[in-house]
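Me: I am new to this structure. Please take me through its helix packing and its pockets, and give the reasoning behind each label.

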Amino acid sequence: MKFIHIFGPQAVGKMTVGQELAKITDLKLFHNHMTIDLVSHFFDYSTKEGKRLVNLLRQEIFEEVSKSDMYGMIFTYVWMFDQESDWNYVNRLSQLFESRGWTVYYVELEADLEERLERNKTPNRLKHKPKKRDIAWSENDVKSTMEKHRLNSYEGEIKYPNYIKINNKNLSAEEVAKVVKERFNL
C-alpha cells in the first residue's frame, strides 16, 4: 500500500500530475480541492469553520483509506515550509499511513511564477477547481501566497528516504507521472 504525497506551490501541476499518475497506476487521486470546494458551499476555507471542516473530512478519509487494502492513494497539498504547523501536518499524515504498513513517497514539484500563472488558467484546473475560475482573484492568491510563504524546500531540507524533487516547468504531466512511477516502482 502506497501513499504518494505530491506537494508544491499553487498551479505547479500537482493535481494534473496526480491525474496522470492515477491513469498509469492503481492509485486513487485525492487532490486538496476536493474537500476545499465541498466545504466552500458553506464556509470559506479562510474561516476557522472552513478549515476545521476541511481538516475533519480529510482526516476521516485518511483514516478509512489507511485501514483499507487499497493499492494506494495520491494526495496533493501546498506545503508552506516556513510554517511549523505544515511540517507537523505532513509528519502526522505520514505516521498515520506508516503505522498501518503503508509506504509513503514524497514528490515535490517546482516551476517559476510565470509558468504557474499560465497553468493557473488551464481548462483542466478550472474544470476541477471552481474557486480558481475567478482568475484575477486566483492570480493574486498565487502571488500573495508566494510573497508570504516559502512553497518549495531548500536543497537537502527534506530527509525522507522516498523523496524526489522535480522542476516540471518544461515537462508535461504525463512525463512527470512516468518519472514518479519509475522512480518509486509504482
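**Pockets and helix pairs**

Reply: The lining of the largest pocket in this predicted model is made up of eight nonpolar, 10 polar and 12 charged residues.

Me: What makes this one the largest pocket, and which residues lie nearest its centre?

Reply: The largest pocket has a volume of about 830 Å³, while the second largest pocket holds about 220 Å³. Of the 30 residues that line the largest pocket, I36, Y45, K51, V78 and M80 lie nearest its centre.

Me: Which helices supply the lining of the largest pocket?

Reply: At least two residues each come from α2 (33-39), α3 (48-66), α4 (84-98) and α7 (135-148). The largest share belongs to α7, with five residues.

Me: What lines the second largest pocket?

Reply: The second largest pocket is lined by 16 residues, and A11, V12, G13, T16 and R119 are the closest to its centre. Two or more lining residues come from each of α1 and α6 (123-128). Helix α1 gives the most, four residues. By class, this lining has six nonpolar, six polar and four charged residues.

Me: Why are α1 and α8 called oblique to each other?

Reply: Helix α1 (residues 14-24) and helix α8 (residues 173-183) pack at an angle of about 60°. Roughly parallel needs an angle under 35 degrees, and roughly perpendicular starts at 65. The angle of about 60° fits neither range, so α1 and α8 are oblique. Their axes are 8 Å apart, and the crossing is right-handed.

Me: How do you know that α1 and α8 meet, and which residues take part?

Reply: Contact means heavy atoms within 4.5 Å. On that basis T16, V17, E20, L21 and I24 in α1 meet A173, E174, V176, A177, K178, V180 and K181 in α8. The residues of this contact divide into seven nonpolar, one polar and four charged. T16 of α1 takes part in this contact, and T16 is also among the residues closest to the centre of the second largest pocket.

Me: Why are α3 and α4 called roughly parallel?

Reply: The angle between α3 and α4 is about 25°, with their axes 9 Å apart. Angles under 35 degrees count as roughly parallel, and about 25° is under that limit, so the label applies to α3 and α4.

Me: Which residues form the contact of α3 with α4, and what classes do they belong to?

Reply: From α3, R58, Q59, F62, E63, V65 and S66 meet Y89, L93, L96 and F97 of α4. This contact has six nonpolar, two polar and two charged residues.

Definitions and conventions. Residues are numbered from 1 along each chain as its sequence is written. This is a predicted model: local features need pLDDT of at least 70, side-chain atom pairs count only at pLDDT 80 or more; totals for chains, interfaces and linings use all residues. Side-chain values use heavy atoms; hydrogens and water are left out. Axes are lines fitted to C-alpha atoms, for helices over the stretch in contact, and angles run from 0 to 180 degrees between N-to-C directions. Angles under 35 degrees count as roughly parallel, over 145 as roughly antiparallel, 65 to 115 as roughly perpendicular and the rest as oblique. A crossing is left-handed if the near helix is turned anticlockwise from the far one by less than a right angle, and right-handed if clockwise. Ala, Val, Leu, Ile, Met, Phe, Trp, Tyr, Cys and Pro count as nonpolar, Asp, Glu, Lys and Arg as charged, and the others, Gly among them, as polar. On a 1 Å grid over the protein atoms alone, a cavity is a set of points where a 1.4 Å probe fits but cannot get out, and a pocket is an open set with protein on both sides within 12 Å along at least five of seven lines; lining residues have an atom within 4 Å of a point. Grid points are joined across faces, edges and corners, and a volume is the space filled by probe spheres set on the points.
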